[in-house]
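This report covers salt bridges, nonpolar cores and one strand pairing in a single chain.

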Amino acid sequence: MTATTLIQPGSFLTLHYRLSGPQGDIINTFGGPPATLSLGNGELSPAMEARLMGLAEGEHVTLQMAEGEAFGERNPDMLQWVQRQLLAQFGEPDAQYHVGEVLEFPAPDNGRYAGAVVQLRDDAVLFDFNHPLAGKAVSLEVHVIGVL
């Protein structure tokens with residue numbers, strides 16, 4: 001009899017997953033190749049990783065996560081005006097911005113972060129740097145294929 005491998009901190013996973021928010025699917029791997037990820041590397045939010053702990057290879061579950069649980073609450077401090085002069089200096093000088101557009105910015109740690117355009121002024125653009133699902137209820141469907 002073989003022991004069932006359970007998900008634990010640092011596990012390397014092969015799985016299919018579907019992340020859905022109020023407007024429907026955000027990510028869905030069920031129609032293609034499975035995803036591979038390593039817990040603790042920031043590929044999933046800490047709250048989602050915590051919900052996966054203890055699941056076994058072969059399990060197929062749907063986890064309902066309350067408003068703000070998966071990606072935290074919306075933080076009003078994450079709405080920030082960026083001067084067009086600064087955008088021109090570090091981006092395209094003649095770039096046009098549109099409400100709803102999502103732009104990536106370099107982070108100090110050589111990573112990237114994204115902000116959605118919320119409002120436009122002649123001298124600045126208001127960006128929302130909250131995760132798009134912050135403050136929202138989400139559904140996470142998971143089929144665990146392998147755990148290492």
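Arg51 is partly exposed, its relative accessibility being 30%. In this predicted model, Arg51 forms a salt bridge with Glu69, at 3.2 Å from N to O. Glu69 is likewise partly exposed, at 29% relative accessibility. Arg51 belongs to helix α1 and Glu69 to the loop between β4 and β5, 18 residues apart.

The salt bridges number six. Three of the pairs are listed here with their closest N and O atoms.

| Acidic residue | Basic residue | N to O distance |
|---|---|---|
| Glu69 | Arg51 | 3.2 Å |
| Asp128 | Arg74 | 2.2 Å |
| Asp123 | Arg121 | 3.1 Å |

Asp128 is in strand β8 and Arg74 in the loop between β4 and β5, so their salt bridge ties together parts 54 residues apart in sequence. Asp128 is buried, at 12% relative accessible area, whereas Arg74 is partly exposed at 39%. Salt bridges also link Arg18, Asp25 and Glu141 in a network.

The largest nonpolar core comprises 21 residues, and Leu140 is one of those with the most contacts inside it. Strand β9 gives the largest share of this core, five residues. Beyond its neighbours within four places in sequence, Leu140 has contacts that include Met48, Leu52 and Val61. Another core, of nine residues, lies apart from the largest one and includes Phe105 and Phe127.

Phe105 is in strand β6, where Phe105 and Leu103 point to one face and are buried, while Val102, Glu104 and Pro106 point to the other and are not. Strand β6 runs antiparallel to β7, joined by five bridges, with Glu104 opposite Ala114. Five residues separate the two strands of this hairpin, and Asn110 in the turn has a positive phi of about 70°.

Methods
Residues are numbered from 1 along each chain as its sequence is written. This is a predicted model: local features need pLDDT of at least 70, side-chain atom pairs count only at pLDDT 80 or more; totals for chains, interfaces and linings use all residues. Side-chain values use heavy atoms; hydrogens and water are left out. A nonpolar core is a set of buried Ala, Val, Leu, Ile, Met, Phe, Trp, Tyr and Cys residues joined through side-chain atoms within 4.5 Å. Buried means under 20% relative accessible area, exposed over 50%, partly exposed in between (1.4 Å probe, protein chains only). Helices (H or I, at least four residues) and strands (E, at least two) are DSSP runs, numbered from the N terminus. Contact means heavy atoms within 4.5 Å. Two strands pair if DSSP finds at least two bridges between them. A salt bridge is a side-chain nitrogen of Lys or Arg within 4 Å of a carboxyl oxygen of Asp or Glu.
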